[in-house]
Structures are given as C-alpha cells and as structure tokens.
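Visitor: I would like to take one close look at a single part of this model. Could you walk me through it and through what surrounds it?

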Amino acid sequence: MADVFDDKKRSDIMSKVKSKNNKSTELKLISIFNEYGITGWRRNYKVKGHPDFVFVSKKIAVFVDGCFWHGHDCRNTRPSDNADYWTKKRERNIKHDKEITALFERRGWTVIRIWECEFKKKNREDLIKKLKPCIIQ
Ligand SMILES: [Zn+2]
C-alpha cells in the first residue's frame, strides 16, 4: 500500500502521537511516585536533553521512553510499509538517547530510563528497582 503522507506530514502526525503517549506514561509514573512516597521530583525541568523528570538535589534524570520509538526489543510492531523510514527514525532516536545519557553522566548525574512496557503490572518490581536511587534519601 502506498504511503499517503510525505515525510514532513507523517512526522507531524507521529510527533503528536508520540507526545500523547508520553503524557499518559508520565502520569502513570507520577502515580507511582505518589504511591511509593517518592518526592522531590520536577516535571519538564528546563535542562538540555529534556528529561521527563528530574530530582535536582539527587542529580537524577528520569526519561520515559516509548518502546517502539526508542527501539526496545520487547515487541516487533514495526510497520511493513516504509520499513526503512521507521528503522532510520528509531536509529536516530537510539543514538540521541545514548548521547543524552552520556551528557548527564559526564556531569555526575544518574540517568534512569524507563520503558513504556515496564508500566505493566507484571513488571512493577523491576520498575521499582530502577527507581531505587529516587527512593533512597
Ligand atoms: Zn518495551
């Protein structure tokens, strides 16, 4: 099937989808913060790399990454149309993520990257393990 959108248009559409998904996973994380009494976080803190959350005093940056967009190998929902386009886009995201992680770590920050799929109930324990640095006072 031919693609009806050009790249620019498609990219507009996908960025809308992306930010919408991001929002719901961010809200899920906030409810987990509340549930576990995790405090001291700031959302959308203005710093290069745009972490979803930061704990300024603990120097922790938290990113919530969509599995599809950021290349998690947990599922294979890769569209068959324009496979090249998606692969390139994800490769760019993965490269960017690595650069941002390195940038924070060079400054002595801890980077926590949470995958969208880790919000599933069965993965809760792993998620909390990841969040340990945020919990420890
Ligand atoms: Zn995943």
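How many of the 6 residues of S3 are buried?

Guide: Gladly, and a word on the ground rules comes before the answer. Residues are numbered from 1 along each chain as its sequence is written. This is a predicted model, in which local features need pLDDT of at least 70 and side-chain atom pairs count only at pLDDT 80 or more, while totals for chains, interfaces and linings use all residues.

Now to S3 itself. In this strand, 5 of the 6 residues are buried, which leaves S3 mostly covered. Buried here asks for 20 or more other C-beta atoms within 10 Å of a residue's own; exposed asks for 12 or fewer, partly exposed covers what lies in between, and C-beta atoms are placed from the backbone. Over the chain, by contrast, buried residues make up 14% of the 137 residues.

S3 spans residues 60-65, and it belongs to a chain with 5 helices and 4 strands. Both kinds of element are DSSP runs numbered from the N terminus: H or I of at least four residues for helices, E of at least two for strands. Along the sequence they come in the pattern α-β-β-β-α-α-β-α-α.

Next, the sheet. An open sheet of 4 strands has the order S1-S2-S3-S4 and mixed pairing, where two strands pair if DSSP finds at least two bridges between them. S1 (41-43) and S4 are the edge strands, each pairing on one side only. Neighbouring strands are turned by 20° against each other on average, direction ignored; the axes are lines fitted to C-alpha atoms, for helices over the stretch in contact, and angles run from 0 to 180 degrees between N-to-C directions.

S3 has a partner on either side of that order. With S2 it runs antiparallel, joined by 3 bridges, and Phe53 stands opposite Val62 of S3. The two strands form a hairpin with 4 residues between them. Lys59, in the loop between S2 and S3, has a positive phi near 55° although it is a residue other than glycine. With 14 C-beta neighbours inside 10 Å, Lys59 counts as partly exposed. A similar case to look at is Asn44 in the loop between S1 and S2: not a glycine either, Asn44 has a positive phi of about 50°, and with 11 other C-beta atoms within 10 Å it is exposed.

Towards S4 the picture changes: S3 and S4 run parallel, joined by 6 bridges. One pair to find is Val64 and its bridge partner in S4, Ile114. Leaving aside neighbours within four places in sequence, Ile114 is in contact with Leu29, Val62, Phe63, Val64, Asp65, Leu127 and Lys130; contact means C-beta atoms, placed from the backbone, within 7 Å.

These residues bring us to the largest nonpolar core, which has 13 residues, and of these Val54, Ile60, Ala61, Val62 and Ile114 touch the most other members. Such a core is a set of buried Ala, Val, Leu, Ile, Met, Phe, Trp, Tyr and Cys residues joined through C-beta atoms within 7 Å. S2 (53-55), S3 and S4 (110-115) are the elements that give two or more residues to this core, and S3 supplies the largest share, 4 residues.

For a contrast with S3, try helix H3 (residues 83-106), the home of Glu99. Of the 24 residues of H3, the number buried is 1, so this helix lies largely in the open. Glu99 is exposed, with 10 other C-beta atoms within 10 Å. Gly49 is 50 residues from Glu99 in sequence and 9.0 Å from it in space, C-alpha to C-alpha. After H3 comes Gly108, with a positive phi near 85°.

Lastly, confidence. pLDDT is the predictor's confidence in each residue, from 0 to 100. The chain averages 86, and 80% of the residues score at least 70. The highest mean, 97, is in S2, the hairpin partner of S3, whereas helix H1 (residues 7-35) is lowest at 76.

How values were computed
Two residues are in contact if their C-beta atoms, placed from the backbone, lie within 7 Å.
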